[in-house]
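Reader: I'm new to this one and would like to go through it with you slowly. Could you put it up so that we can both look?

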Amino acid sequence: MRIAALVLGIIAGLWGMLVGFFGWGYIALTELDGAEQYLDQVANADVIKVAGLLAPILAIAGGAMALSKPRLAGIFLLVSAGGMFYAFGFHFWTMFAISMAAVAGLLALASGNEQG
């Protein structure tokens with residue numbers, strides 16, 4: 001179960017990075033002069049920027065720690081899934097990153113005690 005958490009967490013983090021890059025890029029475009037004519041403004045731009053940066057990092061770190069510190073890894077992965085869901089919502093582009101991070105978090109938490 002720990003290896004599954006490792007793999008799913010790293011894949012979720014990489015996919016989440018893509019979502020974060022596009023989210024940050026769209027916000028940067030909307031902040032350009034004259035862009036309000038063509039693009040919708042984002043209401044929670046700071047939340048999207050922070051979550052687009054931190055959630056994938058937490059997923060990758062959680063996946064990397066799944067073998068040695070499964071409880072902490074599970075917490076990181078679940079926080080990552082929650083952060084992506086809160087900032088970006090659940091839709092076609094985020095469903096795999098959120099689902100994989102959540103499943104990896106549950107697998108890491110269910111895998112038992114720390115290795116000693």
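Reader: Let me start with one residue: is Ile10 buried, exposed or partly exposed?
Author: Ile10 is partly exposed, because its relative accessible area is 31%, where buried means under 20%, exposed over 50% and partly exposed in between, with a 1.4 Å probe and protein chains only. Before we go on, this is a predicted model, in which local features need pLDDT of at least 70 and side-chain atom pairs count only at pLDDT 80 or more, while totals for chains, interfaces and linings use all residues. Residues are numbered from 1 along each chain as its sequence is written, and side-chain values use heavy atoms, leaving out hydrogens and water.

Reader: Okay, and where is Ile10 found?
Author: Ile10 sits in helix H1, helices being DSSP runs of H or I with at least four residues, and strands runs of E with at least two, numbered from the N terminus.

Reader: How many helices and strands does the protein have, then?
Author: There are four helices and zero strands, and the C-alpha atoms fill a box of roughly 60 × 20 × 15 Å along the principal axes.

Reader: Turning to H4, which of its residues are buried?
Author: In H4, which covers residues 95-110, the buried ones are Ala97, Ile98, Met100, Ala101, Ala104, Gly105 and Ala108. An α-helix has 3.6 residues a turn, so residues three or four places apart point the same way.

Reader: And what covers those buried residues of H4?
Author: The cover includes helix H1 (2-30) and helix H3 (70-88), judged by contact, meaning heavy atoms within 4.5 Å.

Reader: New topic: how many aromatic pairs are there?
Author: The structure holds one aromatic pair, formed by Phe92 and Trp93, whose arrangement is edge-to-face with 4.9 Å centre to centre and 80° between the planes. Rings of Phe, Tyr and Trp (its six-membered ring) pair if their centres lie within 6.5 Å, and planes under 30 degrees apart count as stacked, over 60 as edge-to-face and the rest as tilted.

Reader: Are Phe92 and Trp93 buried or exposed?
Author: Phe92 counts as exposed because its relative accessibility is 53%, and Trp93 counts as exposed at 52%.

Reader: What about Ala35, buried or exposed?
Author: Ala35 counts as buried, since its relative accessibility is 10%, although its place is in the loop between H1 and helix H2 (45-65). Not counting residues up to four places away in sequence, Ala35 touches Leu29, Thr30 and Gln41.

How values were computed
Expected span 1.5 Å × (residues − 1).
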